[in-house]
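Open your viewer and get ready to select residues by number. This short tour tells you what to pick next and what to look for.

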Amino acid sequence: MSDDLDVFDRTHDSTTTKIRNRKVKVVGAAPTSKDLDSSGGSTDTLQPQQQQPEEDDKDEVVYGRTPDGKIFVVPETHSFIYHLFSPYTRKSHLDILTLVMLGSQCLLFCLIPLRQSRIIFLVLFIIFRLAYNFGLGWILRKQSTKQYIVKEIVKRGWLDEKKQPQIARWCKRELEGKIGTGYVFEEAPVEFTVWLIFRQVVDVILLNDFVSYCWFAWSYCSFPANQSLWMHVLRWVGGWTIIGFYVWVKVDAHRVVKDYAWYWGDAFYMILLKKDLVFDGVYDLAPHPMYSLGYAGFYGLSIIVASYTVLFVSIAAHAAQFGFLLWFENPHIERVYGGPKKPLASRVPLASSQTPLSTPHSEGMDSSTSALDTNDTPGATEGETASETELSDHVDGLPSTFSVPLKANARSSSFLSTSSGINPAGNVRTRSRAKSVSMHDLYHRFFRKDVVVLKNIDLFRASDFSLVLLLTYTLGPMLLPSLSGRPLLIAYFLHALGWRLFHSFGLGVLLQKQSENKWFVRHFIKHYHYPAGEEGAIEEAFANWKVLYNLSLTMMYASFMGLAWKTYSIPTDWTVGNQLLRHVLGISLIALHLWTSVSTYEVLGDFGWLYSDFFLLDNYPAQLAYTGIYRFLNNPERSMGGAAFFGLSIISGSRLVFALAIFSALSHWWFLSAVESPHMRKVYGDAIRKDAGVTRTLKTVVNSNSKLFEAEEVKRVVQEVRGTIEKVDQKITQAVDEFLENARPRFSEVVQDTKFLLQQSRERLVITRVANVSDIDSSKYKIAVLPSAAASAPSASASSSTKESVMRFHIGEPIQVAWEAPQTHSRKDWIGIYRLGACKSQLVTRISSVGKWAPLHDGEFDGEKPIPKAGDGVRPDAGFEIEKGKIVLKGDALPWQTGQYELRLHHDGKHNVMARFAPIEIFVPRPSDPISFDSVHDILTRIITLALDSDPTLVPAIARPSLLPVPTAVPSHLVGEDEPEVESEIDTQSASVQIQSQLVDPAHDPEDFIIMYANQAKRIVSGIQEAFDLDYAAEVVLAEPNVEDLARKIVESRRILGPSKGGGGEGETGGRRGSGVALGSVLS
């Protein structure tokens, strides 16, 4: 048997032990769906009415269940090997086709020369291998998620004797003759019948794949002359031993999974087993044995034929099989048997908060994995098909393991410092309830995007920067060619130049941005979680800055000294020329530099040396001190900070070193002028001294000896020169300041426009598909947006004449759209939402919806591609029948940016616009006081609730009363005379009682919420960005799944970073609006 018969690889682990289909031995009536429902939807409790002893296998009856819940008796099926090659079984047409194709390959191998057979059988093997791994993988993936095979066969009527009588009768003869007793074509579920047809197609592909590989391998069989007889014997014995092991792997795997899993039966229906399958034998040897050990035969045959060509082809085929495993098999197993998806963020209290580390916790509790690049397998089956597990398993909230009385959540009106816990009144602020210990909290306390090899590298962290630097210095010389002479000298120069650029301009820009808007601290607030408060971001940013600055300073000096040393040669005669003078002068300058640096450090201390006032100005008191060397000079580094560089250049006597010394002096001058001086003026203001001791002394000397300059001409010239210099300096300073002030808003606009253009370019990456709609009356197509609770609030941006016409929706709030179209309209029509003004044409949409759309009819699209059907396309209107309906844009189909938008109804899965509705506005309230805890908490609660799709099992308990449905009516102009307005069918009173009962659960913090998918965290991040002008990474939100704690984080972040740029009052939106005026409700 072939490796190509690989299917359900159930590894003996926690996932495979969940499988599981129940097999029941029953005498009497079959269980019904009602019986299953009465047991909670679980087949574990399924019991036969009369049960025989387990030893009696003759009366065994196996039941199956279709995706729609229908229970049926599964007829017995036989191994394809037995049925295909046994002379006592009736052969179907597909069996005969398989035998003919296998026989043809055998004849072909015997009749044609080996040289030609190698090419022919390689081509055949590639064809059947692609048909297996790509063809079957693609169609099985669609069957697993969408029931694609079953739907296509039903749609084409191949099993319906009325629609396709010849095909249906042929299928009936094929299956009833092959399966035998127990199978009735008319009574069997369509899913089971389709599976029987599918497995015969699988036999054709897999057997031919196996045989073509075997003939291809034997065509390369050889006995290398450079090998001894014993080597040939060893090769053949070892090869056949491996093949024997391979055959055992296949047979034992079939013993475990049977025909049902061998042919991917659970992609069509589910078997109900009495007890779990036991995954022993080969499943105890290796993970995925059908895909790992199951290919041992390929390598065994490669050893026998002694061909590297066969070996490489075998490796390629094995790799393709692993692709099949990763693309279809693993996602299918997880989808069907994986159970409910583990949440990305969920605070599950430990059984005992006193000893959290030693107390065992329940399965699935460690849901704190916050990596977003993991490939999450959906817990729910896409499309209409649900697995057996998914029919009954849901997220029912968190288990009750920790009991704390629920108290009223009193919040102060404002918030100053969470680290101190003091409110404006001076009272100590406490939580409304004790926060229980959870595995989630412990995980994010000890693990914070730690670097694993090169994963999670952040160059703003000093440790990560040092790691990358060490790798560069280690691997760099290996990649560079051998250098000597002038090329080596240039390499040293570039090395020193790079460190100077990084130190002066790289770190200079960093400090400049930190001084302007705390840019460096913002990075750590955005990307990292601080359980003790956002003050930790300042401390971590400053700690990393200190290491980066010291590393850069050290490497800058070291690289310069390295260049000077490479250009220096020890004089053979110190008395010749100016050798002695150069060394004395150079050493003197170096000594001057060292004395200046030591004296500067003695005055500034660690605080000033490390530029601490760029980070700790609000946390650490600082004052100017003009002592020590600063008694004589205001800024010693400006005049003597580069003395060592010139000293080294004089000693080395190299023009290259001298040029770098000049560049270093200019770079340091820029740093002092553009970074340090503006910051000093901003922080210390008038406290900065104008004249240092040396300057005052010189002025005094000049004034006291002014009699020496009695000549009026000399005095006039001196005054004019001094006045000219002062005026030039003043004008230059004024011009630079004005340029920077004028350039700052323009630069900000350029940045915003660049972001806008990048977003537009992403939207325009679409191939516009246009249909001929000249014979369709677009006036019969209409759409209208149903008003929301937020519609009563007028738009802040609309003019007074249009305020009443602009419908407003809170960011994340579902948008209900009522539509009407002719009865003959295409079922592939769809509605997209776009920024107002982004679509220039009102007839054709030429930009991408980037996923912000919804179909008028479900089941007509596969992802974003329409499902092709016979007869689809442009259909002219006939009659005046009108079809009406309603769709809801929600979740990821909504834009999570504030601004004005329009909706467009498109025709037949293409981009022809049949109707428009504009404008609507998406808004988010802004807190009137950005550090008001109450305002932030209320706005954040609403954002989180909508980001979590208003799912009562995910949203915080404090938000659940707001989830009670509010009936929404369809506009009267879209409702027929005999059609009632749409009303909610949910019992509001019973829902309220159920939700209120969940609020009093003392085991969990009512502020906790659960995040299931990465997109939900990204929605919360977008809402926070729009409402509070704070840029968080999704990992930060995942680390803090508690409304109160997240609100506290926002308040303190806002306090640390200062007021937001957009300002904001209650109800003000913060997004960039599309161009264009408000158009009112447009139905075109």
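Start with V453. It is exposed, with a relative accessible area of 71%. Keep in mind as you go that this model is predicted.

**Stop 1: a nonpolar patch**

Where does V453 sit? Find the loop between α11 (439–446) and α12 (462–479); V453 is there. Now add V452, L454, L471, L475, M478 and L479 to your selection. Together with V453, these residues make a nonpolar surface patch of about 750 Å². Show the surface and colour the patch. V453 counts as exposed because its 71% relative accessible area is over the 50% cut-off.

**Stop 2: two residues with positive phi**

Select Q147. Look in the loop between α4 (114–146) and α5 (148–156). Q147 is not a glycine, yet its phi is positive, at about 55 degrees. Is Q147 buried or exposed? Q147 is buried, with a relative accessible area of 5%.

Jump to K518. Its place is the loop between α13 (486–517) and α14 (519–527). K518 also has a positive phi of about 55 degrees, although K518 is not a glycine. K518 counts as partly exposed, because its relative accessibility is 24%, and partly exposed covers values between 20% and 50%.

**Stop 3: a side chain facing a backbone nitrogen**

Select S826. You will find S826 in the loop between β6 (815–822) and β7 (830–835). S826 is buried, with a relative accessible area of just 3%. Now add K828. What lies 3.1 Å from the backbone nitrogen of K828? A polar atom of the S826 side chain lies at that distance. Draw the distance in your viewer to see the pair.

**Stop 4: a cis peptide bond**

Move on to P919. This residue lies in strand β13 (residues 913–923). Select A918 as well. The peptide bond from A918 to P919 is cis. Its omega is near -10 degrees.

**Stop 5: the cysteines**

Finish with the cysteines. How many disulfides are there? The count comes to zero. Take C106 as an example. Its closest cysteine sulfur is in C110, 6.9 Å away. A disulfide needs the two sulfur atoms within 2.5 Å, so the sulfur of C106 is too far from that of C110 for a bond. C106 counts as partly exposed, at 32% relative accessibility. Last, select C839. C839 counts as buried, at 11% relative accessibility.

Terms used
Residues numbered from 1 in each chain as written. Predicted model: local features only at pLDDT ≥ 70, side-chain atom pairs only at ≥ 80, totals over all residues. Heavy atoms only, no water. Patch = residues over 30% accessible without salt bridge, like charges linked within 9 Å, V, L, I, M, F, W, Y side chains within 5 Å. Areas by Shrake-Rupley, 256 points an atom, 1.4 Å probe, with all protein chains shown as cover. Salt bridge = Lys/Arg side-chain N within 4 Å of Asp/Glu carboxyl O. Helix = DSSP H or I, 4+ residues; strand = E, 2+ residues; numbered from the N terminus. Buried < 20%, exposed > 50% of the residue type's maximum accessible area, 1.4 Å probe, protein only. Polar contact = N/O pair within 3.5 Å; in protein donor to acceptor, adjacent residues only side chain to side chain.
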